[in-house]
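Work through the exercises below with the sequence and the model side by side. Try each task before reading its solution.

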Amino acid sequence: MSAPRMCGGCSATRPATAEVQAITDKVKAQLEEKENKKYGTFKAVEFKSQLVAGTNYFIKVQVGDDDFIHIRVYESLPHENKTLALHDYQINKTKQDELSYF
């Protein structure tokens, strides 16, 4: 049984799951377009989620040996039938950098 989530509050940081990796893969092209850069490695490492009118995912993504990016992805409610959206991102992160709201 998972811990209950409060609307608006972020969950604790957890290891990335296959579902989170799938979300990460779906927004990779959006980030590559914004950064005008191709990423050979794009591995979700850990994440937090925030329940809003949908879900915000804050995901730490490994893009190189010691190079990480934090991305914020919004998943709308199922009845809205919208695609995943990369809402924001932070580059030049390290493995030790903590995921936080941005």
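**Exercise 1. Lay out the sheet.**
Task: State the strand order and the sense of pairing in the open sheet, then find the strands at its edges.

Solution. This is a predicted model. Its open sheet has five strands in the order 1-2-3-4-5, paired antiparallel. Strand 1 (14-15) and strand 5 are the edge strands. Each has a single partner strand, so one side of each is left without a neighbour in the sheet.

**Exercise 2. Follow the pairing around strand 4.**
Task: Give the number of bridges strand 4 makes with strand 3 and with strand 5, and place some residue pairs.

Solution.
- Step 1: strand 3 and strand 4 are antiparallel, with eight bridges between them. They form a hairpin, with five residues between the two strands.
- Step 2: check the register. T55 is opposite E75 of strand 4, and V61 is opposite I69 of strand 4.
- Step 3: turn to the other side. Strand 4 and strand 5 are also antiparallel, over six bridges. Here Y74 has A85 of strand 5 as its bridge partner.
- Step 4: consider burial. Strand 4 (68-75) has seven of its eight residues buried, so the rest of the structure largely encloses it.

**Exercise 3. Describe helix 1.**
Task: Compare the span of helix 1 with its expected value, locate its bend and say what its buried residues pack against.

Solution.
- Step 1: helix 1 covers residues 18-35, which is 18 residues. From first C-alpha to last it reaches 25 Å, close to the expected 26 Å.
- Step 2: the helix bends by about 40° at V27.
- Step 3: list the buried residues. They are V20, Q21, I23, T24, V27, L31 and E32. V27 thus appears both at the bend and among the buried residues.
- Step 4: find their partners. The buried residues pack against strand 2 (43-52), strand 3, strand 4 and strand 5 (85-93).
- Step 5: look past the end of the helix. N36 follows, with a positive phi near 50°.

**Exercise 4. Classify two helix residues.**
Task: Are D25 and K26 buried, partly exposed or exposed?

Solution.
- Step 1: both residues need a location. D25 is in helix 1, and K26 lies in helix 1 too.
- Step 2: apply the cut-offs. Buried is under 20% relative accessible area, exposed is over 50%, and partly exposed is in between.
- Step 3: D25 has 43%, so it is partly exposed. K26 has 60%, so it counts as exposed.
- Step 4: add the surroundings. The side chain of D25 makes a polar contact of 2.7 Å with that of Q21. D25 and A44 are 19 residues apart in sequence, with C-alpha atoms 8.8 Å apart. For K26 and F58, 32 residues apart along the chain, the C-alpha separation is 14 Å.

**Exercise 5. Account for a lysine in the sheet.**
Task: Is K60 buried or exposed, and what lies 2.7 Å from a polar atom of its side chain?

Solution.
- Step 1: K60 sits in strand 3 (residues 54-62).
- Step 2: its relative accessible area is 2%, so K60 is buried.
- Step 3: a polar atom of the K60 side chain is 2.7 Å from the backbone oxygen of K95.
- Step 4: beyond four places in sequence, the contacts of K60 include K43, A44, V45 and E46. Also among them are F68, I69 and H70, as well as T94, K95, Q96, D97 and L99.

Conventions
Residues are numbered from 1 along each chain as its sequence is written. This is a predicted model: local features need pLDDT of at least 70, side-chain atom pairs count only at pLDDT 80 or more; totals for chains, interfaces and linings use all residues. Side-chain values use heavy atoms; hydrogens and water are left out. Helices (H or I, at least four residues) and strands (E, at least two) are DSSP runs, numbered from the N terminus. Buried means under 20% relative accessible area, exposed over 50%, partly exposed in between (1.4 Å probe, protein chains only). A polar contact is a pair of N or O atoms within 3.5 Å; within protein, one must be able to donate a hydrogen and the other to accept it, and residues adjacent in sequence count only if both atoms are side-chain atoms. Contact means heavy atoms within 4.5 Å. The expected span of a helix is 1.5 Å times one less than its number of residues. The bend at a residue is the angle between axes fitted to the seven residues ending there and the seven starting there. Two strands pair if DSSP finds at least two bridges between them.
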